Amino acid sequence: MPAATTARPLHESWLFRMAAPELSMLENLAAEADWRPATVPGTVYQDLIAQGAIPDPYFGTQEVEVQWVAEKDWCYRCDFEVDAAALAVQVDLVLDGLDTFATVYLNGQRVLVSDNMFVPARIEVRGLLKPGTNRLGLYFESAQRRGREREAALGRRNLWNGESSRLHVRKAQYHYGWDWGPVLLTAGPWQPVKLEAYETRLQEVDSTVHLATDLGHARVDLRCELAGTQDAALALHHRLLDPQGKLVAEASVPAGTEASLHVDAPELWWPNGQGAQPLYTLVTTLQAGEQVLDRHNRRIGLRTLRLVQEPVAGEKGSSFCFEVNGRQVFMGGANWIPDDNLLNRITPERYRLRVRQAAEANMNMLRVWGGGIYEDDAFYAACDELGLLVWQDFLFACGIYPANPEFLRSVEAEAAAAVKRLRHHACLALWCGNNEDYAIAESMGLYGKGKDMVRFEARAIYEQLLPELCARLDPQRPYWPGSPYSPSANDTLTSDNPTVGDRHSWEIWHGAMLPYQRYHTVQARFVSEFGMQSHPSLDLLQQAIPEAEQFPLSRTMAAHNKAGLPLQDGHRRLAVYVADTLNAGPTLADAVYATQFVQAEAMRYAFQDFRHRWLGAGRRAVGGALVWQLNDCWPVTSWAIIDSLGTLKPAWHAIRRALAPLAIAVRQVDGEARCWISSALAATRCEVRLQCHALAGVSSEVQTAELMAPSNGSTDLNFPLDLAAPAVVEASLWVDGECIARDCAWPEPFRFHPLGDCGLQVARHAGGLTLRTERPAKGIWLAAPGVNFSDNFIDLMPGDVRSIAVTGPDLPIQVTALDQTPFEA
Ligand code: BMA
């Protein structure tokens with residue numbers, strides 16, 4: 001009877017030490033002294049912090065004090081026991097991820113040399129193992145040194161962000177520092193290490209989903225690769241369980257043969273806001289008769305997905321939008337960066353929470369940005385479960401990458417591993433070649449019509465290697481050469497054509513630093529990046545900044561704002577936008593409120609203006625908007641809408657309102673109230689109410705209009721205004737007598753209209769708050785560490801009583817609003 005496959009994690013009794021440069025790798029790994037306990041999977045910074053050997057790099061300016069770690073080589077080793085019986089079958093050493101330049105020794109034998117953080121390794125080691133104590137040693141060379149050696153040999157290349165040697169190293173690029181992140185060049189076995197014993201095992205289960213045009217029938221095609229002893233007597237049993245766990249299809253085939261499972265009336269998987277996310281469970285077992293030799297489980301969603309590039313009525317170019325199950329869906333979402341610089345700190349629960357925070361902001365897409373990692377399985381599982389489609393970059397960002405044969409081989413291996421690992425996820429919408437490499441090439445004159453593009457060799461990666469690999473391993477999914485990228489239209493060749501493809505609209509914040517009220521002028525067919533900076537929560541700053549440095553423009557605050565490297569001009573740009581908008585106070589708390597206020601207002605304008613152009617079928621002028629950035633990886637002033645404590649910023653609430661399934665927006669323009677309703681739903685009968693509230697507190701009559709909000713599009717509605725004095729124009733949307741959305745257009749800029757005391761009252765009661773005001777109140781921000789509010793960053797008008805549900809610890813709640821003295825409720 002053949003033996004079943006067993007997997008044994010090797011995560012116990014690991015030690016680490018700094019390598020002595022005078023010793024060889026083997027001598028270092030055999031050394032007796034200076035070993036300290038290590039956590040595997042993990043990396044050296046985490047182990048050094050745990051050992052108290054280095055200070056917390058996230059606190060104060062301590063990032064500078066730990067840079068020496070990157071210059072050193074590091075050793076990891078563990079001794080483990082093996083029974084003689086275990087050596088009766090094939091045994092593989094499986095290393096899912098080594099960061100980055102690693103040499104692996106087993107019982108003194110070198111078994112692997114690797115230089116790519118994203119390429120898993122599997123080594124047949126039965127012949128090297130012995131009954132009793134065995135030793136596994138991992139030697140990590142300094143990525144900094146090795147990268148610089150390569151750069152010295154192959155030449156310096158241009159980039160934005162981080163040290164240029166990064167371009168030669170297949171390591172998470174943000175580890176080299178970014179305009180929102182610290183320099184922490186980690187090293188270590190960052191992914192699981194295990195021994196796998198088997199006679200025959202399931203190497204690969206490839207499942208592809210096909211739906212009938214009418215979506216009334218689904219077929220799951222299955223192709224398995226086996227490893228080990230090929231035995232014709234073996235069989236594969238495939239079973240498909242529906243989301244309720246009921247068996248809906250099964251097939252048994254001889255090992256090595258393909259199979260298909262059929263489902264009638266499949267439960268369709270939809271993006272967030274469009275329907276449910278039913279997940280089927282596919283169970284594949286490799287069997288010798290009744291005995292199960294190996295088992296493989298995965299959850300799959302049944303859906304179709306298409307990238308639609310079709311004419312846009314009345315406009316040049318073509319659309320860039322996504323169609324799921326035959327329905328075109330506006331993509332409202334964010335760019336995702338790694339949620340921590342020390343990746344092994346991120347738990348599955350933390351991934352799920354972050355993705356849930358995106359879903360609760362009515363987002364339906366996350367772009368896994370090219371300077372990070374191919375994310376953890378827990379991330380994609382959460383996106384599958386919560387309906388967040390994933391735009392997945394391959395890991396190239398802001399650089400002119402090499403394309404020598406060795407580099408291409410390494411990239412091919414990593415890309416193949418990533419595609420095979422991720423291709424079954426329902427959430428995965430698109431593969432994308434890189435982040436901003438076409439933009440930097442264009443800025444250097446290496447890309448564009450009539451340009452000598454020879455030195456932009458990496459096009460071989462984005463336009464040949466990756467699309468061919470994706471077509472081979474994941475043919476159903478669209479591939480996009482880069483972000484931003486504009487397919488060459490009518491003889492143009494640029495990465496920045498607003499009529500086709502995707503675009504990064506950074507004229508607000510970067511470049512021209514346009515006012516955020518101008519987002520309607522920086523349109524694109526798909527806005528895959530845009531953003532505004534703000535400080536993180538005061539709570540976080542009080543934890544990360546030494547008390548003496550807790551003032552807005554302190555040296556330590558500057559160390560936690562990396563924007564505009566090397567100039568680090570983030571504080572200047574913040575100052576401009578704050579000065580353009582409101583009269584801010586001098587304290588750190590004032591600066592947090594002011595910058596977060598500006599970010600929230602900017603994101604309101606951006607998402608409303610971009611979604612406004614999601615018109616009806618054939619007029620999909622803007623297919624989506626992904627804000628830069630969802631999250632942070634350490635305590636920092638950045639474009640994130642959720643800080644590294646997981647605390648939501650006001651911008652998160654502004655985005656949630658702008659992306660609501662049915663949302664209303666209003667602007668005061670030339671004596672008119674210009675409103676539009678954006679809908680992700682079927683056609684809805686609704687009523688719009690418009691009321692003007694003078695800043696002094698007098699409110700006008702309510703104007704109303706009944707209309708049918710069109711399905712899955714946006715519609716305009718204008719009201720004449722006759723304002724004697726500056727007033728707030730409040731537009732609210734009512735369905736069946738219930739107010740489901742509202743928006744306020746204030747006289748701007750706010751700095752020209754300082755609000756006196758508006759008579760804001762906040763009453764607490766069990767489980768919530770009740771808010772009232774005598775005069776218009778702007779940007780009411782409720783804050784308490786770890787406390788969640790059902791709504792926040794609210795505009796409140798006289799006569800309106802607003803109830804807010806409160807969950808979390810029973811703490812004093814800080815109430816801040818524009819031009820008001822903060823108070824506690
Ligand atoms: C774009 C992104 C990131 C960067 C962000 C903010 O360039 O792709 O590289 O962090 O803008 O500057």
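The exercises below, each with a worked solution, concern a predicted model.

**Exercise 1. The ligand shell**

Task: List the residues around the ligand and sort the shell by class.

Solution.
- Step 1. Collect the residues that have a heavy atom within 4 Å of the ligand. The residues around the ligand are W178, D179, W180, W369, C398, N435, E436, W506, H510, E529, W628 and W639.
- Step 2. Sort by class: the shell has seven nonpolar, two polar and three charged residues.
- Step 3. Assign names to the classes. Trp and Cys count as nonpolar, and Asp and Glu as charged. The charged members of the shell are therefore D179, E436 and E529, and the polar ones are N435 and H510.

**Exercise 2. Polar contacts and cover of the ligand**

Task: Find side chains with an N or O atom within 3.5 Å of a ligand oxygen atom, and state how much of the ligand's accessible area the protein covers.

Solution.
- Step 1. Take H510: a side-chain N or O atom of this residue is 2.7 Å from an oxygen atom of the ligand.
- Step 2. Take E529: here too the distance from a side-chain N or O atom to a ligand oxygen atom is 2.7 Å.
- Step 3. Take W369: the distance between a ligand oxygen atom and an N or O atom of its side chain is 3.2 Å.
- Step 4. Turn to the area. On its own the ligand has 300 Å² of accessible area, and the protein covers 96% of this.

**Exercise 3. A three-stranded sheet**

Task: Describe the sheet that contains strands 13, 14 and 17.

Solution.
- Step 1. Establish the order. The three strands form an open sheet in the order 13-14-17, with antiparallel pairing.
- Step 2. Identify the edges. Strand 13 (200-211) and strand 17 (259-264) each pair on one side only, and are the edge strands.
- Step 3. Give the twist. Neighbouring strands in the sheet are turned by 20° against each other on average, with direction ignored.
- Step 4. Examine one pairing. Strand 14 (residues 217-228) is joined to strand 17 by six bridges, and A218 stands opposite V263 in strand 17.

**Exercise 4. A hairpin**

Task: Characterise the pairing of strand 15 with strand 16 and the turn between them.

Solution.
- Step 1. Count the bridges. Seven of them join strand 15 (residues 235-241) to strand 16 (residues 247-254), and the two strands run antiparallel.
- Step 2. Name a pair: L241 has L247 in strand 16 as its bridge partner.
- Step 3. Inspect the turn. The hairpin has five residues between its strands, and G245 in the turn has a positive phi of about 95°.

**Exercise 5. Backbone exceptions**

Task: Locate the cis peptide bonds at P484 and Q629, and the positive phi at N325.

Solution.
- Step 1. S483 and P484 are joined by a cis peptide bond with omega of about -5°. P484 is in the loop between strand 27 (479-480) and strand 28 (503-504).
- Step 2. A cis peptide bond also joins W628 and Q629, with omega of about 10°. Q629 belongs to the loop between strand 30 (624-627) and helix 13 (650-658). W628 is also one of the residues around the ligand.
- Step 3. N325 is not a glycine, yet its phi is positive, at about 50°. The loop that holds N325 runs between strand 21 (321-324) and strand 22 (327-329).

**Exercise 6. Annotated spans**

Task: Give the helix and strand content of the spans 32-191 and 769-808.

Solution.
- Step 1. An unreviewed UniProt entry lists residues 32-191 as "domain: Beta-mannosidase-like galactose-binding". This span is 12% helix and 31% strand, and its end C-alpha atoms are 26 Å apart.
- Step 2. The unreviewed UniProt entry lists residues 769-808 as "domain: Beta-mannosidase Ig-fold". This span is 0% helix and 55% strand, with end C-alpha atoms 13 Å apart.

Terms used
Residues numbered from 1 in each chain as written. Predicted model: local features only at pLDDT ≥ 70, side-chain atom pairs only at ≥ 80, totals over all residues. Heavy atoms only, no water. Polar contact = N/O pair within 3.5 Å; in protein donor to acceptor, adjacent residues only side chain to side chain. Areas by Shrake-Rupley, 256 points an atom, 1.4 Å probe, with all protein chains shown as cover. Pairing = 2+ DSSP bridges. Helix = DSSP H or I, 4+ residues; strand = E, 2+ residues; numbered from the N terminus. Axes fitted to C-alpha atoms, helices over the stretch in contact; angles between N-to-C directions. UniProt positions renumbered as here; feature names shortened; annotations may be inferred.
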